[in-house]
Number of protein chains: 2
Amino acid sequence: MDDRVRRHAELLVDHCLEVTADDDVVVIGSQNAVSLITALYGVLGERGATPMAQLHDERARRAYQTAIDPDDVSTSAPRLAAMEAADAVVLISSTTNPYETTAVSDAVTDAIDAAYSPILDERLDNRWVITVHPTAGGASRARMGTDAYRSFVYDAVDVDWERQRRRQQRVADRIDAGETVRIQCGKTDLTMSIADRTALNDGATRNMPGGEVATSPVVESVEGTARFDLPIVYRGDRIEDVTLTFENGVVVDCAAGNEQDAMDRLLGHDAGARRVGELGIGMNRGIDRATTNTLFDEKMAGTVHLALGFGFAECVPEDQHPNQSEIHTDMLIDLRSDSLLTIDGDPIIEDGDFWFEDA
Amino acid sequence: MDDRVRRHAELLVDHCLEVTADDDVVVIGSQNAVSLITALYGVLGERGATPMAQLHDERARRAYQTAIDPDDVSTSAPRLAAMEAADAVVLISSTTNPYETTAVSDAVTDAIDAAYSPILDERLDNRWVITVHPTAGGASRARMGTDAYRSFVYDAVDVDWERQRRRQQRVADRIDAGETVRIQCGKTDLTMSIADRTALNDGATRNMPGGEVATSPVVESVEGTARFDLPIVYRGDRIEDVTLTFENGVVVDCAAGNEQDAMDRLLGHDAGARRVGELGIGMNRGIDRATTNTLFDEKMAGTVHLALGFGFAECVPEDQHPNQSEIHTDMLIDLRSDSLLTIDGDPIIEDGDFWFEDA
């Protein structure tokens with residue numbers, strides 16, 4: 001077995017989920033992830049824990065989506081029961097073909113999302129982590145060779161997470177203390193209030209890799225224009241070169257380089273879909289390029305992302321609430337050259353470097 | 001998709017399990033079975049049913065078995081909960097390497113068997129079917145090329161099961177009405193009573209392929225010598241060329257061509273392991289050779305099998321009980337040449353042909 005696969009499994013079991021001998025752990029992945037699942041079974045066995053594996057196969061999912069009448073979609077009682085009985089969950093993304101489940105009817109997609117909702121709620125009540133096992137399909141999406149992509153994934157995963165968390169806390173402290181964020185880069189000039197907001201420091205517990213600091217800004221405070229450098233993925237559509245203009249926290253203008261219809265559908269999903277739920281700052285230096293995978297892209301050091309859709313209750317004062325929506329779609333701004341992000345006028349990121357880093 | 005895979009899925013969903021729109025169906029298989037699982041998801045979607053797939057991977061299982069301390073083994077609560085919530089279950093055997101989980105310690109095997117027992121009980125309370133998806137590993141075990149093995153599997157599966165059931169009922173009627181079975185072939189000369197016993201007619205509901213007629217003989221009536229022509233598989237060991245002598249229904253002498261220790265462990269498992277729980281008669285003419293896979297071998301037309309271990313309550317009068325044991329190990333006698341099986345002196349199988357078939 002590749003030592004990196006074994007190390008990945010140990011990080012998931014010990015660092016992310018802190019598994020002990022009494023734990024029932026559900027592992028969900030595709031057939032491509034069998035080497036990681038095998039490593040997880042070994043590590044879980046060593047810890048005395050009890051594994052169960054669920055198969056998530058893209059082609060099978062597509063076959064079901066194509067065949068089912070939306071009126072017949074219902075929540076899988078065995079999946080729900082398994083999730084209720086689990087203590088911890090590992091979700092492994094390991095695509096063969098990231099386009100396998102595109103172009104499914106909205107009626108079926110909506111019905112399946114609704115049917116999945118109680119299973120999602122149960123999962124969120126457990127300890128859980130989302131990760132990636134590198135595949136040829138993932139490498140293709142990243143436009144890289146498979147071996148190079150494997151190295152890329154493990155560089156992002158095999159990090160000294162305690163040290164990383166300490167570095168990130170320096171940015172989190174500035175968010176906790178700050179009032180106003182301004183982002184300037186090319187066409188982008190955006191301001192928002194983070195007054196009374198607290199930061200989440202992602203040291204790779206629920207995402208592996210981790211490596212971001214995030215908060216939910218004051219919803220109505222977002223003002224200005226933002227150009228998003230990386231494609232936005234919404235229900236399988238890749239929407240490129242999107243520029244949004246915000247007034248009083250609401251998107252009032254939207255220009256997309258392609259797929260304008262898909263972008264308009266995203267914005268029209270519900271009232272919260274035109275408002276910002278998250279400001280995130282990527283700080284993982286192991287991620288040096290975008291790979292069309294949000295789990296990695298949003299952690300890339302020197303980028304920031306906004307999410308249209310729901311925000312995080314942990315980040316807002318108890319008497320307020322974050323943006324409400326069914327969706328949460330991340331959109332990246334690349335600050336790695338000729339850019340400035342300030343909090344209350346103090347530079348936090350300049351040309352991609354944090355103030356405490358050597359330029 | 002291979003039409004034969006689609007047809008296999010339809011038979012499992014419609015013929016074996018009679019799935020309807022309200023059913024939650026759990027599909028358990030390895031990554032090798034993804035094409036069948038995909039076909040099942042399509043057919044289940046068309047019927048309005050809800051699928052869930054569990055991954056059963058041999059290498060992952062071995063990694064867990066090797067790592068776990070027997071004292072830490074426990075029943076997977078999510079697997080148990082999923083089985084309780086299921087209406088129907090498809091178990092797919094699709095090996096990469098049938099030797100993957102051999103040579104695991106008895107202590108771990110016993111602990112895992114005990115932990116699995118409540119899950120097995122729940123499965124047996126549902127509708128369920130066991131089948132095979134043909135793989136290179138299965139072909140290797142059968143000593144065939146992969147494409148030839150695929151054709152072999154589908155010849156055994158894609159049968160007119162109503163016609164097959166009618167053919168089998170002719171033998172079942174003779175068992176229901178008969179008193180004494182005698183089997184003669186080479187060194188084998190064995191008699192047993194089937195008085196008051198009823199036959200099971202396997203028209204492929206719980207096994208796909210099906211194709212046998214079976215009963216549980218009067219335990220203490222088994223007398224004589226039987227030589228088993230095909231290897232007996234017990235916990236991964238292949239025991240070849242076994243001859244057993246029965247007196248008053250109990251094995252009093254056992255000679256194995258190899259692995260005598262494994263055979264002695266089998267006979268010593270519990271009191272019922274030295275007694276016969278089943279007499280089965282294979283009638284599937286699509287199965288023309290042994291492939292070291294009991295699911296197929298025991299259905300091969302012109303063979304009979306005895307099982308040491310537990311018998312079937314359905315075959316025994318209500319005031320009696322079949323043989324009791326934790327195990328059920330099938331052992332085949334090949335009657336395809338120079339042989340005779342009679343019921344009350346009437347030939348049922350002669351040189352491999354049933355009395356109603358053209359020789």
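**Group meeting: a two-chain predicted model**

I'll start with the interface: 38 residues of chain A are in contact with 38 residues of chain B, where contact means that the C-beta atoms, placed from the backbone, lie within 7 Å. On the chain A side, two or more residues each come from strand E1 (24–29), helix H2 (34–46), strand E2 (50–55), helix H3 (58–67) and helix H4 (77–85). Helices (H or I, at least four residues) and strands (E, at least two) are DSSP runs, numbered from the N terminus. H2(A) gives the largest share, 8 residues. By type, this side of chain A has 21 nonpolar, 9 polar and 8 charged residues. Here Ala, Val, Leu, Ile, Met, Phe, Trp, Tyr, Cys and Pro count as nonpolar, Asp, Glu, Lys and Arg as charged, and the others, Gly among them, as polar.

This is a predicted model: local features need pLDDT of at least 70, side-chain atom pairs count only at pLDDT 80 or more, and totals for chains, interfaces and linings use all residues. Residues are numbered from 1 along each chain as its sequence is written, and chains are lettered from A and ligands numbered from 1 in the order in which they are written.

On confidence, the model scores ipTM 0.90 and pTM 0.91. Mean pLDDT for chain A (the predictor's confidence in each residue, from 0 to 100) is 95, with 99% of its residues at 70 or more.

Now the symmetry. A turn of 180° and a shift of 0.0 Å along the axis lay chain A on chain B with an RMSD of 0.1 Å; the fit is by least squares on the C-alpha atoms of residues with pLDDT of at least 70 in both. The two copies are therefore related as by a two-fold rotation axis. The copies meet through the same surface, because 100% of the interface residues of chain A are also interface residues in chain B.

Next, the domains. Chain A splits into domain 1 (3–157) and domain 2 (161–354), with bounds from an automatic or database domain assignment. Their contact takes 21 residues from domain 1 and 17 residues from domain 2. On the domain 1 side, E4(A) gives the largest share, 5 residues.

Last, one strand in chain B. Which residues does E15(B) cover, and how many are buried? Strand E15(B) spans residues 276–282, and 7 of its 7 residues are buried, that is, with 20 or more other C-beta atoms within 10 Å of their own, those atoms being placed from the backbone. E15(B) pairs in the antiparallel sense with strand E9 (residues 212–215) of chain B over 4 bridges; pairing requires that DSSP finds at least two bridges. E15(B) also pairs with strand E16 (residues 303–309) of chain B, antiparallel, over 5 bridges.

Notes. Contact = placed C-beta atoms within 7 Å. Buried ≥ 20, exposed ≤ 12 C-beta atoms within 10 Å, placed from the backbone.
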